[in-house]
Amino acid sequence: MPEVTIVFPIIRDDFIKKALATLYQFTDRSKFRVIVVDSTMKGVGDFGEDVYMVIRQKNGGFAYSANTGLIQWLRWGTPYVAVANDDLEFIYDH
């Protein structure tokens, strides 16, 4: 089981792909699961295998989207959770 669930609440579609690309470039995929809470106007679309779960919902703000992802994290029971902005870029491999 992964140790961390990473929740990305998004309202724009222009940053998330870079955030996910750098996350997977520098981090061991077996250590985490990613939830994208998609509150964009048109929906971002398919992330393929890069995202464990996409939750599509109306934009209720960052906290509302983060809480939606946190509820799913509680159901999964992974030991740790991180809520990340979609403009985040990972730069280290340790």
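## Close-up views of a predicted model

**View 1. Contacts of Ser-65.** Beyond four places in sequence, Ser-65 touches Pro-9, Val-37, Ser-39 and Gln-57. The model is predicted. Ser-65 sits in helix H2, which covers residues 62-76. Its relative accessibility is 1%, so Ser-65 counts as buried. Phe-8 is 57 residues away from Ser-65 along the chain, yet the two C-alpha atoms are separated by 8.5 Å.

**View 2. Asp-38 in strand E2.** Asp-38 belongs to strand E2. With a relative accessibility of 2%, Asp-38 counts as buried. Setting aside residues within four places in sequence, Asp-38 is in contact with Ile-10, Gly-43, Val-44 and Gly-45, and also with Val-54, Ile-55, Arg-56 and Gln-57. Gln-57 is also among the residues that Ser-65 touches.

**View 3. The largest nonpolar core.** This core has 15 residues. Those with the most contacts inside it are Phe-8, Ile-16, Leu-20, Val-34 and Val-36. At least two core residues come from each of strand E1 (4-10), helix H1 (16-26) and strand E2 (32-38). H1 gives the largest share, 5 residues. Apart from this core lies another, of 5 residues. Val-7, Ile-35, Val-37 and Trp-76 are among the residues of that other core.

**View 4. Val-34 and its surroundings.** What does Val-34 touch, not counting residues up to four places away in sequence? Its partners include Ile-6 and Phe-8. Leu-20, Leu-23 and Tyr-24 also touch Val-34. The list is completed by Asp-50, Val-51, Tyr-52 and Met-53. Val-34 is one of the residues with the most contacts inside the largest core, as are Phe-8 and Leu-20.

**View 5. The buried residues of helix H1.** Which residues of H1 are buried? They are Ile-16, Ala-19, Leu-20, Thr-22, Leu-23 and Tyr-24. E1 and E2 are included in what covers them. Among these buried residues, Leu-20, Leu-23 and Tyr-24 touch Val-34.

**View 6. Lys-31 in the loop between H1 and E2.** Lys-31 is found in the loop that links H1 and E2. Is Lys-31 buried or partly exposed? Its relative accessible area is 39%, so Lys-31 is partly exposed. Outside its neighbours within four places in sequence, Lys-31 is in contact with Pro-2, Glu-3 and Val-4. Lys-31 and Val-4 are 27 residues apart in sequence, but their C-alpha atoms are 6.4 Å apart in space.

**View 7. The whole chain, for orientation.** The protein has 2 helices and 4 strands. From the N terminus on, they run β-α-β-β-α-β. The C-alpha trace spans about 35 × 30 × 20 Å along its principal axes. The radius of gyration is 12 Å, which agrees with the value near 12 Å for a compact globule of 94 residues. Of the 94 residues, 39% count as buried. Among contacts with a separation of 6 or more, 65% join residues 24 or more positions apart.

**View 8. Surface and charge.** The protein exposes about 5,900 Å². Carbon and sulfur atoms supply 53% of that area. There are 10 positive and 12 negative side chains. The centres of the two sets lie 7 Å apart.

Terms used
Residues numbered from 1 in each chain as written. Predicted model: local features only at pLDDT ≥ 70, side-chain atom pairs only at ≥ 80, totals over all residues. Heavy atoms only, no water. Rg over C-alpha atoms; globule rule 2.2 N^0.38 Å. Buried < 20%, exposed > 50% of the residue type's maximum accessible area, 1.4 Å probe, protein only. Contact = heavy atoms within 4.5 Å. Areas by Shrake-Rupley, 256 points an atom, 1.4 Å probe, with all protein chains shown as cover. Lys, Arg positive; Asp, Glu negative; His and termini not counted. Charge placed at Lys NZ, Arg CZ, Asp CG, Glu CD. Core = buried A, V, L, I, M, F, W, Y, C linked by side-chain atoms within 4.5 Å.
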